[in-house]
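Let's walk through the side-chain contacts of this model together, one question at a time. Have a look at the structure first, and then we can begin.

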Amino acid sequence: MADAASQGFSSAAAVVRIQSDWDQVLRKNEEEAWLSCRSPGKATLYGTLTCRGINSDGIPEITASEGFTVSEITKKSVLVSCPREKASTRFLAPYTSFCRIHQKSITCLDISSGGGLGVSTSADGTMKIWQAANGEIRRCLEGHVYDVNCCRFFPSGLVVLSGGMDARLKIWSAEDGKCAATFQGHKAGILDLAVIDRGRNVVSGSRDGTARLWDCGKSACLGVVANCGAPVNGIAVNDADNTLNLGSPEQPPSEREVGTEGKLLLLAREDKKLQGVGLQSRQPVFLFIGSDAFNCCMFLSGIYFLGGTQDGNIYQLDVRNTRAPVRIIRRSGAPVLSLMPYKDGFIASQGDGTCFIMQQDLDHIVELTGPDCDPVYKVATWEKQIYSCCRDGTVRRYQLSEL
């Protein structure tokens, strides 16, 4: 068991911030948007961007105040640098925002494999399927009692899996909105879901402290993969690196179990632990202790994975040695609410409204702007588009071809 609070180096680099509605403000001549650059242990540097007019292509001419530089300006993005701290961030404003899908905070969303449909859940008690292009509502998925916590499309893009506070998982047709199956067995709310391969089996993590494997064809539980004794806030599944010993199952697996062999299940736990379990073996593989409750987790590859905590840390770990983190990424003290793979890196969203992309080949961070201090609960990607959902009740769509 490894305790991270005591060791492992932290990359708490300088963080550049910008006014959330900068793209709207800087369309008008002489208007200003604020900037800041905060570095651990130093005084925060404050500054402004000023619009000096709009060129013939409709792109603003922008200047930065002392201590900052601005470049690579488009209608929706700017690259801001703070030379003192060697910090650069590209800010990307939403291409479009959908405010009418839900009435309240949007807690989860996903985009279908073909990019045509979105599904989302909200604190208004609804789960809806909508057109990803324009936010037009296609179906309301009704049947859960209480709030729906999580939703995702199966790889086909035609079927949706959801989990609710009613401790049930449900499978829905995205075409007619009908509930095709309900899975019962958890004793408390479902907090996260994962689909195995093409979706004959799925995994759920629950507030009851267990992760369960399900057979979709028979709506039956194939087993408790892990019993943690603390809520399982987030889960992720991936093919394990072949050097990793996943252990052997105590009983031969059911023939209804499909695609579990050689897979590692990650569990982000409320009791500050990030656990790896052999999906088929049900055997623990590693247990890492972080600084606070783990809210979410994801795989970067067969070797590297990430866990995000309630106090703002993103731990990168190596499955072959989880005693100390490879690195700790920290942008703010706000809860890390979601982690999503993107190209060779990841997208993280936090409780202070920030949402950022880190990639290995980029020397700067890409920050997705728009929310004004409202938590961004989840992101979903399709090709060069990123969708986010926020407590302010808005789904935002970002166009990465803008970069």
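Q: Is R17 buried or exposed?
A: This is a predicted model, in which local features need pLDDT of at least 70 and side-chain atom pairs count only at pLDDT 80 or more, while totals for chains, interfaces and linings use all residues. Residues are numbered from 1 along each chain as its sequence is written, and side-chain values use heavy atoms, with hydrogens and water left out. Buried means under 20% relative accessible area, exposed over 50%, and partly exposed in between (1.4 Å probe, protein chains only). R17 has a relative accessible area of 16%, so R17 is buried.

Q: Which residue meets R17 in a salt bridge at 4.0 Å, N to O?
A: A salt bridge here is a side-chain nitrogen of Lys or Arg within 4 Å of a carboxyl oxygen of Asp or Glu. The partner lies in the loop between β32 (345–350) and β33 (355–358), 335 residues apart from R17 in strand β3 (residues 15–18); helices (H or I, at least four residues) and strands (E, at least two) are DSSP runs numbered from the N terminus. At 22% relative accessibility, this partner counts as partly exposed. The residue is D352.

Q: Which residues are linked with R17 and D352 in a network of salt bridges?
A: R17 and D352 already meet in a salt bridge of their own. The charged end of one further member sits over the ring of F356, 5.2 Å from its centre; this term asks for NZ of Lys or CZ of Arg within 6 Å of the ring centre and within 35 degrees of the ring normal. The network is completed by R331 and E367.

Q: How far apart are the closest N and O atoms of R90 and E72?
A: R90 is in strand β9 (residues 87–92), and E72 is in the loop between β7 (69–71) and β8 (77–82), 18 residues apart. R90 is buried at 9%, whereas E72 is partly exposed at 48%. Their salt bridge brings the closest N and O atoms to 2.5 Å.

Q: Why is the pair of F183 and W214 stacked?
A: Rings of Phe, Tyr and Trp (its six-membered ring) pair if their centres lie within 6.5 Å; planes under 30 degrees apart count as stacked, over 60 as edge-to-face and the rest as tilted. The structure holds 9 aromatic pairs. In this one the ring centres are 5.4 Å apart and the planes meet at 25°, so the pair is stacked.

Q: Which strands hold F183 and W214?
A: Both residues have a relative accessibility of 0%, F183 being buried and W214 likewise. The pair links distant parts of the chain, 31 residues apart. F183 is in β18 and W214 is in β21.

Q: What is the angle between the planes of F286 and F305?
A: F286 is in strand β26 (residues 284–289) and F305 is in strand β28 (residues 304–309). Both are buried. Their rings are stacked, 5.1 Å centre to centre, with the planes at 15°.

Q: Which strand supplies the largest share of the largest nonpolar core?
A: A nonpolar core is a set of buried Ala, Val, Leu, Ile, Met, Phe, Trp, Tyr and Cys residues joined through side-chain atoms within 4.5 Å. The largest has 25 residues, and F183 and V160 are among those with the most contacts inside it. Strands supplying at least two residues each include β12 (117–122) and β16 (159–164). The largest share, 4 residues, comes from β15.
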